Amino acid sequence: MNILQGDGWQGPLYRRQLRWRYEVRAFMRILLILLVFSMVSACDDDVVETTHDYEIEEGGRPPEDWDGPVTRILEDTVHSVKQNTRIRLRVDDFRYSHMFGYYRLFEMLNLHGYSHDRLKGGKITPELLSHYDVYFLNLMDSSRPRFTQDEIEALRQFVEQGGGMFVIGDHTNVYLSSEMTNPMLEPYGISIRYEIACDRPPHSVVGNGWILVEDFRDHPVTTDLDGISLQTGAPIDGPGGVAFTSPDGWGDFWDPNMEEGFYGNWTKDPTEPSGPQAVVQAVQYGQGRVVVVGDQNIFGDPYLFFLSNKELALNGFEWIAHRTGEDLRDVQPPGINVRIDSLANNLSMGQGYNSSYYTFYTNLNRRWELTAHATRIPLQFTPKVFMEVEPTRTVVEDNMAECSEVLEAGGVAMLVLDPGEVSAASLSFIESLGIASLDLTADGT
């Protein structure tokens, strides 16, 4: 029998008592929820409140003992979700889209006074942007909503009044990224082209698409850059080009017959734009500043510490945040730092086929407690490990001096080589370390 249908002690009186208990419990639950909400709203100043216009997720924060300036970054994960700051290179995850997240970059920013939140829902409004100093957008794609005119205007006013904007694009309108991003960039005179920024050796790391960019204009964003590398990026038109391909560079049109992806034919055709192609734009607009970079992979976890990619990213954030002069690019990342001499090995850490070491380099940076820097010049701090990987060129004096500093500080010098192909550069490095002899077989093994 249903207890509410009984008589006597299970009759109307009991039903009224039971209903009263239910009502009291419901009231207490509502009261408790209101109390908790009021406590959170009153005590947590770091969390932007959710309104009917937008939804915010808290990202990284500076350390509790940070006593310097704080820059508030809004990461837009409404208009872009492909490679966001939640994604971190892991030892057990080899999915492409999970390899090029921006976790490490934003970890460095968080450690040095940059706070960031993620926009998860809603639209961009002046009220939302008033809580932040910098707006960050990383590679739009066709699965996400396009910017409305109101959002474009809100961002324009934000920049004009002193806000910073950092935007990442990519090649040949892949995922419709350029088509969707360019309307938002139009107020600043910037346009990401529907092409690949190509160049030829010696101005490439490998092939014509993974290029080596060494032509920089004098600008805070390019301070102390020794070269950056794009893994198939886009040329960018605008009034503030600061990093360019060589005069041999060109913009390679997308070939729609290419089944492997949004690529061209990797050949400089007569109809294609040729000469130096800008791949980074840095524009002043009103009181604010805008930086646009034409490649998503350049700051992803595997490639951030290749050549001066990290320095470009940190310079860019310092400039748009009006914090130039702090030189965050020179600060030592936490954990074990490994410096790989990419001058002696001819950039093999960035080469992804034949006997090259791109996979090896990527796998080193899968270890969260380790940062592997593949650079041509010494770091601004003394790393724990100095590594030579199958050098094909004699180690230059400056890099050998860094190796000595590592050893004097109690660190490790490491040589990786094929024992069947010991190069003259490897032998020279061994001798420079004070090893008197190396036993070789008759065939040089």
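# Close-up views of a predicted model

**Figure 1. A salt bridge between two strands.** K120 forms a salt bridge with E57, and the closest N and O atoms of the two are 3.7 Å apart. Keep in mind as you look that this is a predicted model. The pair links distant parts of the chain, since K120 sits in strand β3 (residues 114–122) and E57 in strand β1, 63 residues apart. With a relative accessibility of 39%, K120 counts as partly exposed. E57 also counts as partly exposed, at 22% relative accessibility.

**Figure 2. E57 again, now with R86.** Here the side chains of R86 and E57 meet in a salt bridge, with 3.1 Å from N to O. R86 lies in the loop between β2 (71–76) and α2 (103–111), while E57 belongs to strand β1, so this pair ties together parts that are 29 residues apart in sequence. Is R86 buried, partly exposed or exposed? Its relative accessibility is 36%, so R86 counts as partly exposed.

**Figure 3. From pairs to a network.** Another salt bridge joins the side chains of R95 and D93, at 2.9 Å from N to O. D93 counts as buried, because its relative accessibility is 10% and the cut-off for buried is under 20%. Elsewhere, salt bridges that share partners join E57, E75, R86, R118 and K120 into one network. How many salt bridges does the count come to? The count comes to 24 salt bridges.

**Figure 4. An open sheet of nine strands.** Try following the strands across this view in the order β1-β3-β2-β4-β5-β16-β15-β13-β10; together these nine form an open sheet with mixed pairing. Which strands are at the edges? The edge strands are β1 (54–58) and β10 (215–216), each of which pairs on one side only. As a reminder, strands of a sheet pair through backbone hydrogen bonds, either parallel or antiparallel.

**Figure 5. Strands β4 and β5, with two helices packed on the sheet.** Strand β4 (residues 134–138) pairs with strand β5 (residues 164–168) in the parallel sense, over five bridges. To find your place, look for Y135, which stands opposite M165 in β5. Helix α4 (residues 149–160) packs on the sheet and touches β4, β5, β15 (278–285) and β16 (288–293). The direction of α4 makes about 120° with that of β16. Helix α5 (residues 177–185) packs on the sheet too, touching β4, β5 and β16. The direction of α5 makes about 160° with that of β5.

**Figure 6. Q281, a buried residue in strand β15.** Q281 lies in strand β15. At 1% relative accessibility, Q281 counts as buried. What lies 3.0 Å from a polar atom of the Q281 side chain? It is the backbone nitrogen of G241. Leaving out residues up to four places away in sequence, Q281 touches I190, I236, D237, G238, P239, G240, G241, V290, V291 and V292.

**Figure 7. Helix α6, enclosed by the rest of the structure.** Twelve of the twelve residues of α6 are buried, so the helix is largely enclosed by the rest of the structure. Among these buried residues are L312, L314, F317, W319 and I320, along with K310 and E311. You can also check the length of α6 (residues 309–320): at 1.5 Å a residue, its twelve residues should span 16 Å, and the end C-alpha atoms are 17 Å apart, which agrees. Just after α6, H322 takes a positive phi of about 60°.

**Figure 8. R376, a buried arginine in a loop.** R376 is found in the loop between β18 (370–375) and β19 (385–389). Its relative accessible area is 15%, so R376 is buried. The side chains of R376 and E214 are joined by a polar contact of 3.0 Å. Setting aside neighbours within four places in sequence, R376 is in contact with residues including L212, D226, L307, R339 and N399.

**Figure 9. Stepping back to the whole chain.** After the close-ups, here is the full picture: the protein chain has nine helices and 20 strands. What share of the 445 residues is buried? Buried residues make up 51% of them. Among contacts between residues at least 6 apart in sequence, 74% join residues at least 24 apart.

Definitions and conventions:
Residues are numbered from 1 along each chain as its sequence is written. This is a predicted model: local features need pLDDT of at least 70, side-chain atom pairs count only at pLDDT 80 or more; totals for chains, interfaces and linings use all residues. Side-chain values use heavy atoms; hydrogens and water are left out. Two strands pair if DSSP finds at least two bridges between them. Helices (H or I, at least four residues) and strands (E, at least two) are DSSP runs, numbered from the N terminus. Contact means heavy atoms within 4.5 Å. Axes are lines fitted to C-alpha atoms, for helices over the stretch in contact, and angles run from 0 to 180 degrees between N-to-C directions. A salt bridge is a side-chain nitrogen of Lys or Arg within 4 Å of a carboxyl oxygen of Asp or Glu. Buried means under 20% relative accessible area, exposed over 50%, partly exposed in between (1.4 Å probe, protein chains only). A polar contact is a pair of N or O atoms within 3.5 Å; within protein, one must be able to donate a hydrogen and the other to accept it, and residues adjacent in sequence count only if both atoms are side-chain atoms. The expected span of a helix is 1.5 Å times one less than its number of residues.
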